[in-house]
Structures are given as C-alpha cells and as structure tokens.
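User: I would like to go through this structure by question and answer. Please show it first.

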Amino acid sequence: MSVDYNTIQIPLIKAKEIAKRLYNVEGEFKTLPGELDFNFLIETKRENYILKISRPNQDLEPLRFQQAIFQHLANSQLVSPKAFPDLLGNDIRIIEDVQGLKRAVRLLSWIDGRLWSSVNPITDKLLYGLGVEAGKITCALSTFKHPIAQRSFDWDLAQAAWTFKHINLFSKSQQHLVAYFQKQYEGFQNNYKKLRKSVVHNDANDNNILVSNKLIDPEVVAIIDYGDAIYTQTINDLAVAIAYAIMDKPDALSAALPIVSGYHSQFPLLEEELFFLYHLVAMRLVISVTKSAINKQKEPNNKYLSISEKPAWDLLEKWRGINENLAHYSFRNACGFAAHPKETLFLEWFKKQAVALNQFFPTLNFNQVYTLDMSVGSKWLGHESEYNDLELCSFKINRHQNEKPKTLFAGGYLEVRPFYSTNAYKKEGNSGPEYRTTHLGVDFWVKENTPIHAPLDGEVFSIYNNGNDKDYGPTLILKHQTDSGIPFFTLYGHLSESSMTLVTTGQQIHANDLIAYVGNANENGSWSPHLHFQIMLDMLDYTQDFPGVAFPNQVSVWKRICPNPNLLFKYEGLNEHTKTPNDIIIDFRKKHLGKSLSLSYKEPLKMERGSGVYLFDETGRKYLDTVNNVAHVGHEHPQVVKAGQEQMAVLNTNSRYLHDNINNFANALLATFPKELSVVHFVNSGSEANELALRMVKAFTNAKDMLAVEIGYHGNTNACIDISSYKFDGKGGQGAPEHTHIVPLPDSFRGLYQGENTAESYAKHIDEQIDVIHSKGRKLAGFICESIISCGGQIELPENYLKLAYQSVRKAGGLCIADEVQTGCGRVGETFWGFQLHGVVPDIVTIGKPIGNGHPLAAVVCTQEVANAFANGMEYFNTFGGNPVSCAIGNKVLQVIKEEKLQENAFRVGSYLKDKLIKLQKTFSIIGDVRGQGLFLGFELTDKHKRPLPEKATYLANRMKDFGILMSTDGKDNNALKIKPPLVFSRNHADELLYRLEQIFNEDFMRNF
Ligand SMILES: Cc1ncc(COP(=O)(O)O)c(C=O)c1O
C-alpha cells in the first residue's frame, strides 16, 4: 500500500512542542534527513540533542533493540549516541499524533561533526579512518547479543536473496548487471554461510558517518544510527562501509583498500572472509537499487529514498568492470596477507626450479647478463625523441651488443619506465591522472628471429597477434602447473609472425621445446627486437594478452600476481634494482648540504626526467610544470640539448679565443633589442648579471646609491642581496643597507595606492627617495626594477610607472636597469622583453634563467656609453661566461623561440588562461586578483576585505601537486600563486590546470575563509 509521505511528516513546530512537553528541552530546531524516523537537531546552550519521532504505529521492538545497543556501547571507548529518558523515565515514549496514530519518541545526545557526505576531499587517510572506526564498532559489538538482532531484514546482506524476484523493475541492461551479481551470490552460499557472525552496525553510509570539523586532515568521529544493526556475517559490515564510501571515486578499488586496511587494523579479518568481500559490496548496491526502485513506486514524494540511486548504479557498473580476483588479491594485500592465496606455496616450488638462461635461448652464445637501463631516469635511453626513434634505439642496442660479446642484454622487472606516459596507458585515478609505468616482466634484448625454447612443461593457453602500435604483437601464453597442481602462466610477447603457426592452442609443450621466435619492429608492435617474458599466477579474465605494466599505486599487488621471472633463472644481475629511499636522501641533504637550501612541498619530490611542459618523478608520475620558467622552450628540448652536446664534444674554452658561437649568439641576442642596446657581456647566472650591472652603474655614475622596489629580488650575491628587499626585509634580513633606497611595491590591488591610474602616486616615491639621497649629499647611481615583479607576486607595473620612474632617475643622473631575468625572451607574449610593454628603453638589461633553458647562462646588455665607461682599463674576465658551449645553447634557444613561435604561443595561451582565470574568479571569490602578461601570470588569494590567505595558497599548491600539477606561491604575504610554465604550454595544458584548480577550489578548506 502506498503511503502519502506528506501526511505522516512531523512539522518542526510540532517537534518543538513534543520536546518541551516530554523532555522539557527547548532550543533551536532543525529538520534532519532520515529514512524511517523524522529527526530533529535541537541546539541548546548546554548540550545538543537529536529528537527522533517514528512513523505511525512503529514496531517498538527494533527501537528497544537500538536502545540496548546504546547501553552496550556506553561501556566502550567509542563515541556513540547516549539515550535520555523522558520526564517520566521512559527511554522510549509513545505519543499519539493528530490522526490518533501512535508514534515512538526518543531523545539522544547529539555528536558534533560534519556528515561524511558533506566532506571534500575524501582522502585515503579519511578512508582509512573510516575503516578504523568501523572496525572498532565491530569489535565493540562482537559481544552484544539481542533477540531482535536475528530478525528478518531486507538490508541484511545474508538475506539479500529477496532481491531476485524484483529484477523486473530494471531495464534490460540493468537486469544484466544485477543478475550477474545475484548469480554469484547464490553460487557461494554454502561457504558464505559458514563465516563467523556477530551483531554489526550494517549502515555506515555517508549520512551516518561523522567527521571532525577540521578542514585539513579531518578524522572520523563516529558512525551513528544503529537502526539497521543485525546479527549477520561480520564481514558484511565492512562491505556496507565500502559500498557507500567509494561511490563517486574514479578508482573505486583503490579507494576501498584504505578502508579494508583500517578495518583490519582494529578487527583482524580472516582470509576466508576476504574472498567474499568484492561480491558483498556489489550485493549491498543491488539491495540499494532494488529498494530504491520499490520505494519510488510506494512513496514518489520521498526524495531521500532515491538520493543514492544514481551513484549506486554507476558504482555497480564500475565494480563489474573490476576483476573480482584482482579485487580479492588487493584486499588480501591491504591486510598484509599474501596477495594470491597460493603465492607462498607457488614460490616455494618455483624457486626450486632452475632454468638456465641458455636453455631458454639455446642458440645464443653468452656467459653473462648485462642489465639495460630503461628506467625513467636512464641516461642510456636519452631524450624522448631518441628512445622513440626506433632505428636509433635498435642501432644503439646492436652496437652495445657488439661492444659486449657473449653478453645477454636483459632486465626490466619492476623498472619504472618513461615510455608509458601516453594516453594509452593513462587513467583517471583518485588524485588525478595515473599512468601504467612499472614493468612487470623481464625483457631480453636479442636479435630478431632468435629462437625461444620453453623453460618448463606446459600447454599452449593462447597464441594471438595483439597488433596495435606499441602493443605486444604476436603473443604466446603457456599454462603450467606446479607439482601440487597450482596453475600459473608464462607470457612471451613481441614475437615474430612466423611464431603464430609454430604452436596451436591446447598443444602440450615440454621444457626445451622450440615455442617461438623473436619478432622484428614491423611485426612486434613497433619495438626494437626483444622478448617480453612474464609470469602470472592468475590470468584475471585476460586470454590473449595481459598487462605488462602496472600503475605505481597498484604495484604492490601486481608484483605478487606477476612474480619476478628471475626466481626461475636466478641470475643476480637480473633482479629488481633497489633505489635509495627519499628519506635517506633528505637526511643526507640535512647533514651535508647548506641548511638554508629549501625543498619544495611538504613531501619533497624526486624528479628523474623532464620533457616539454612535464617533469617525471621516480615513480614515472608525470607533473604538469607551471613553475619552471627556466626550461623556457620546454624541459630538455632536444635541439637545445643537442646543440650543447655537439659543441661540448668539440671545444669548450673561455672567451679569450675567437669563436663563431660567441659572435653568432651575441648577434642573435642583440637583434632582439632596440638599437640603443648594442653591447653584451656574457655571464653565468642572473645574480652575476645583476652584480655586473651594478658595477657598470657605479663605473658610469661614480655613485653608490641605488633605488630598488619593495619585495624585489635580484640575486644571491652580496651586492644583489643589498638591493633585494625580498631578502633583507624578509626572514634573516637586517633591513636596507645605507646605500639602498626602497620605493613601495607598485601594487594596484593591495598596495599603498589601489585601483586605476596609480602610476604617478607610486612614481612620486622615486623622487622622494632621490631627494633623500641628495639630502645626504650623495648622488643617485641607478634604479633597478623588473618589468613584472615576480617575487612580489607577479605584480604588473601600473601603466606609465616605468616611464615616469626612468624620467626621474635620468634627471638625477642615474642609470636604469631592467631586470629581465624572469620576464625576458618572449614570455610576456606581446613583446620579446618585458620593458617593451612599458615603452621605455633601459640603459642596462640583465638576462638570466630562460636564455640557457637550464644551462647556466646569463647576460648583461647595455648601451655603448655604459660599456665604454665600464671599460676603464681593468680587464673583465669571466672563466665560463660566453664559452662556446653556452653560446651554442643560447643561440639555439633564441632560434627555437622563433621557429616554434613561442612568443606568439605565450601571448595566445596566456591571454586565454588569464581570461579563464578571471572567469573562475567570478565563481570563487577567494581569487582576489588575476594579473600578469603572456605566460607570466599570477593570482592572489584574499578574503573579501583583501586580507591575504597564505595558508590557502600553500594548501592549493600542495593539493595541485597531489593532482600532478606543480605551482609555486610567492608575494609579500605568500598568498600569490605564480604561473610561469615552459612556453610550450598549450591551451590543453591551460585547460588541465583550470580543471584541477576548480576541483581544489571546491574543497572544504578553500571554501571556508
Ligand atoms: C628577478 C630576478 N633577478 C635575478 C635573479 C638571480 O638569478 P640567479 O638565480 O640565476 O642567480 C632571480 C632569481 O630568481 C630573479 O628572479
């Protein structure tokens, strides 16, 4: 019979009256969601309560049961609801509603916290915490007994067979999905029924889990609402918790694992229980969708009933796509059991088998094995453009083999490789994109057509041509078994097409039989000839191929499913290479590197490779780099690398000899400047450039007093620190030295003068400081300023500021230095140099970071007059500055900027990104200001009173890193995010950045300010 939900609802005003009459409790009332009861939060000055009023004619037994649970739990360490009696001493009070129907009323203590459903992000740590709390409840309830616990109940997983008869409520495709899990469930009843049982909570859904109010790293406080508690198979409780907590997670299985570990840490699970977990999670979802379908028919107005319907269907479908054995092994692994139940027995047997490598390749004549380094940081592999050049790669291997006769080239088990960073190996994980980077087999780099002989007896399981580019090509899989009958498989990939007819499926194979030949690049999936050999304890429903690489966060399971093939061959050099753990590297740095060196991020990263806009860490994780304006034309740009390598191989010496590279580079560089700036001095760093510029200023003016901008940074040398307010006004600094005069940061957003047309007001301070210098009877030497102030937080100078400043400085006889160390070389898009945005021509320009694309190269460009004044007879010698290698690199950087139209790209993509950030600002008011030019952008995080929010900036940068995007923070208050990526940053990269920014801006900590 259908119920009209509206007529049985309890209005708030009625709830107030009941609370006052029954409990003498008054306060602020709020209606809360509830599936069965009508719930109200009562906030009083002393304590908060939850008032629960049942539906009409509610059976009282279940309520008594719940009250008994509360009593039982009151003796445990758990945070759980406390029941309060009414004024007459009843813990359940029966009243009549307006229609004369009986309602049961209870008053419980309110547990403070946020509902899990409102928490963002749900991190692995929180998922673990949920497991811990659920495990504690299971422990606490394990001694609880009550007759009602053994009732019949639709939400009891042990009783889920009732759902079978409702399958017609679903669409055809839904029926297919549900029927699969129902069939499995029916099939395993005999063993499932034997599992241990206890009373369990049975409803840890996201509206029953309370999380602390901390917005960073919150904890699970309690799991409430014991209305569904039941005596059932204990493992069911964990299945319920998992089913709800992993909804909406892109990688559902990975999200389930911390819950399992947390639960196991409190309530040790048994291996036989874990076997059922995958299916029990699914059956909870089946119950949920069946209930929703039935209830929607009964109570079309009750929205709460269908709240979780859509995500439940999505998860059910996603869950079906996860191999159940893989899930089982992952759960076992999460609990510290051998991932595969037979793993230990298998390994015992396997290790006893000895197969000489010569037996595998009897036609090869070798007496040693050499490991070819194909790891992400391998220098042997070289640049992406090299290892993707098949001909070159094969040539290198061949030559290496000729150099090392009688050597078998092999390796790669658990090697993290750089090849697999394309979309084919990508998936969206719970923290951004993930790539299968870790190799699960051993590769043998042998010539095409090398015969391969079976290492063990077996049977042909499949032979199939996986013909896609970069796939396995012809692939043979053999099935074997140990002497105790444990099945396992061996895979042979990248074979020749002729191997396809050598054996047939089902054929018995004996050890030493010829089974295949190594293929060539035209037939083996486009690889240099090699055999990929892998062992599998389970085919996980694959038949003709099997993943040869694993996602880094799943390696701990996959390496157990695919044991080290070298356990068979026992060749020492073939074993997996151990790496120095990061904490040891950090310890060393702490002890032996200068203490004032910093490390980025709370958990520092170890980078192994760069390519274009990406950096790769030691797990092969790819990070979009929006920080590094040094890798100006892209990390390890192949042409730049080549230019340096080629010149280094021929000659590197100082600039006292004639060399074409020096002139060529000087010529190309000066061509980018206005004609007045016609002389260049080459140096090795931005600091050195500014140091030299200061000497020039002093030589030209015969004065010492410099004007510089607040929060400016110009380098790490003595003289540079003396003009860097960022340093001497910051931590450890001692304020401006006598000859440095600081003018206010011309920040029109949060500075001394705000809004439009602030140039004059800011420029007046230049005149003011010149007067101060004069008042001391001294002369102005010069003024140094960046064209967009980087460390200040990407501050754009007000229109005309630089013009006015230069006028005043020149009037006082000073020189103007434009520090273009950050902003130069096309980065600002509209112009090649930042100062050109302001219509001024400096006397001296200092250039650094981008010009060498990572090579230590910098320059000072000045007018002929300045250069003449500096050349006062004292020789200027620089050991490295302007050497042929540096000049080759600098020249190539300029060439690449031009050829790849990177200045235009900076303009186009920068404008696009800036526009989008301004749009984002409309949704997220925490973005106080968006600014910058080209690909030298930034935004500042502030509250509505423009107060800086540095913790939010740090949080954002760290969370972006978690999602694979590198960003840096800066500014006077460290609340500005800087965006200055390599100029090969495309619109897609900008979209990727914006997508993740939006995601993190939606997280609780970012929304609360
Ligand atoms: C504006 C500016 N000038 C000069 C320097 C010093 O350059 P380097 O670190 O190459 O010595 C920096 C470095 O960050 C800088 O940002």
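User: How is helix 28 oriented relative to helix 30: roughly parallel or roughly antiparallel?
Analyst: The model is a predicted one. In it, helix 28 (residues 902-923) packs against helix 30 (residues 987-1001) at an angle of about 20°, and their axes are 10 Å apart. Angles under 35 degrees count as roughly parallel. Helix 28 is therefore, relative to helix 30, roughly parallel.

User: What is the hand of the crossing where helix 28 passes helix 30?
Analyst: The two axes are 10 Å apart and make an angle of about 20°. The crossing in which helix 28 passes helix 30 is right-handed.

User: Is helix 29 oblique or roughly parallel to helix 30?
Analyst: Helix 29 covers residues 950-962, and its axis comes within 10 Å of the axis of helix 30. The two axes cross at roughly 125°, and the crossing is right-handed. An angle over 145 degrees would count as roughly antiparallel, and 65 to 115 as roughly perpendicular. The crossing angle of roughly 125° fits neither class, so helix 29 is, relative to helix 30, oblique.

User: Is helix 19 roughly parallel or roughly antiparallel to helix 27?
Analyst: Helix 19 (residues 638-650) and helix 27 (residues 884-899) have axes 8 Å apart, at an angle of about 155°. Angles over 145 degrees count as roughly antiparallel. Helix 19 passes helix 27 in a right-handed crossing. The angle of about 155° makes the pair roughly antiparallel.

User: Which helix gives the largest share of the shell around the ligand?
Analyst: The residues around the ligand include Ser685, Gly686, Ser687, Asn690, His714 and Lys849. Three residues of the shell come from one helix, residues 686-701, and this is the largest share. That helix is helix 21.

User: How many residues of the shell around the ligand are polar?
Analyst: The shell divides into three classes. Two residues are nonpolar and three are charged. The polar residues number seven.

User: How much of the accessible area of the ligand does the protein cover?
Analyst: Oxygen atoms of the ligand lie 2.9 Å from a polar backbone atom of glycine 686, 2.4 Å from a polar side-chain atom of serine 687 and 2.7 Å from an N or O atom in the side chain of lysine 849. On its own, the ligand has 390 Å² of accessible area. The share covered by the protein is 85%.

User: In which loop is proline 121 found?
Analyst: Proline 121 is joined to asparagine 120 by a cis peptide bond, with omega about 10°. The loop that holds proline 121 is the one between strand 7 (114-115) and helix 4 (124-141).

User: What is phi of lysine 946?
Analyst: Lysine 946 lies in the loop between strand 39 (936-941) and helix 29. Its phi is positive, in a residue other than glycine. The value is near 65°.

How values were computed. Residues are numbered from 1 along each chain as its sequence is written. This is a predicted model: local features need pLDDT of at least 70, side-chain atom pairs count only at pLDDT 80 or more; totals for chains, interfaces and linings use all residues. Side-chain values use heavy atoms; hydrogens and water are left out. A residue is near a molecule or strand if one of its heavy atoms lies within 4 Å of it. A polar contact is a pair of N or O atoms within 3.5 Å; within protein, one must be able to donate a hydrogen and the other to accept it, and residues adjacent in sequence count only if both atoms are side-chain atoms. Accessible areas come from the Shrake-Rupley method with a 1.4 Å probe; for residues, only the protein chains shown count as cover. Helices (H or I, at least four residues) and strands (E, at least two) are DSSP runs, numbered from the N terminus. Ala, Val, Leu, Ile, Met, Phe, Trp, Tyr, Cys and Pro count as nonpolar, Asp, Glu, Lys and Arg as charged, and the others, Gly among them, as polar. Axes are lines fitted to C-alpha atoms, for helices over the stretch in contact, and angles run from 0 to 180 degrees between N-to-C directions. A crossing is left-handed if the near helix is turned anticlockwise from the far one by less than a right angle, and right-handed if clockwise.
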